[in-house]
Amino acid sequence: MELIRVKAQDAVTLWEMQVEAFSELLEKYQDFDTNPACEKVDKVRARLTDGSFYYFICVNGQKVGAIRIVMQQDNTKRLSPIFIMKQHRGKGYAQAAVKLAESIHGEHGWSLETIMQEKGNCHLYEKLGYKNTGKTLKINDKMDLIYYIKD
């Protein structure tokens, strides 16, 4: 596996992958204001020039997902979003991608939020050493976000 930095000319490809990857969660939770499947391509394009690190997650030269690392002003890092395409899930790629991102950007000072009702996501981050902060945010009647940190 390797992380390949997304270039500005790849914005549409990244956006199309993101819409496809998050569409099932959008249908399930109806979180139209927060779900990455609802973002416009211009927002994705802007993130490629805002100081974030956006990478395609590649396995044997094939794009299987993407991960974005946001550098915070206090020198911490925020993971948002990460996704694996449906046909490539369950193979350990998300875990490997997070570990690889941490090896590139430093193993400490990370934060993220994920859908509390998606127990597999919570398990993944906890397995990687992320700690539940106890903070949650109600998005709607179906969904809450839960916040994690890794010091």
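## Sheet architecture

In this predicted model, an open sheet is built from seven strands, arranged in the order E1-E2-E3-E4-E5-E7-E6 with mixed pairing. The edge positions are taken by strand E1 (2-5) and strand E6 (131-140); each has a single partner strand, so one side of each is left without a neighbour in the sheet. On average, neighbouring strands are turned by 30° against each other, direction ignored.

Within the sheet, strand E5 (residues 110-115) pairs with strand E7 (residues 143-150) in the antiparallel sense, over six bridges. Glu113 has Tyr147 of E7 as its bridge partner.

## Helices packed on the sheet

Helix H1 (residues 11-29) packs on the sheet and touches strand E2 (53-59), strand E3 (62-71), strand E4 (77-84), E5, E6 and E7. The direction of H1 makes about 85° with that of E4.

Helix H4 (residues 119-127) also packs on the sheet, where its contacts are with E4, E5 and E7. The directions of H4 and E5 make an angle of about 160°.

## The two faces of H4

Cys122, Leu124 and Tyr125 are buried in H4. Viewed down the helix axis, the buried residues of H4 fall within an arc of 160°, so they line one face of the helix. These buried residues pack against E4, E5 and E7, and also against helix H3 (93-105).

On the face of H4 turned away from the buried side lie the exposed residues Lys119 and Gly120. After H4 comes Gly129, with a positive phi near 95°.

Definitions and conventions
Residues are numbered from 1 along each chain as its sequence is written. This is a predicted model: local features need pLDDT of at least 70, side-chain atom pairs count only at pLDDT 80 or more; totals for chains, interfaces and linings use all residues. Side-chain values use heavy atoms; hydrogens and water are left out. Two strands pair if DSSP finds at least two bridges between them. Helices (H or I, at least four residues) and strands (E, at least two) are DSSP runs, numbered from the N terminus. Axes are lines fitted to C-alpha atoms, for helices over the stretch in contact, and angles run from 0 to 180 degrees between N-to-C directions. Contact means heavy atoms within 4.5 Å. Buried means under 20% relative accessible area, exposed over 50%, partly exposed in between (1.4 Å probe, protein chains only). The arc is that of the directions from the helix axis to the C-beta atoms.
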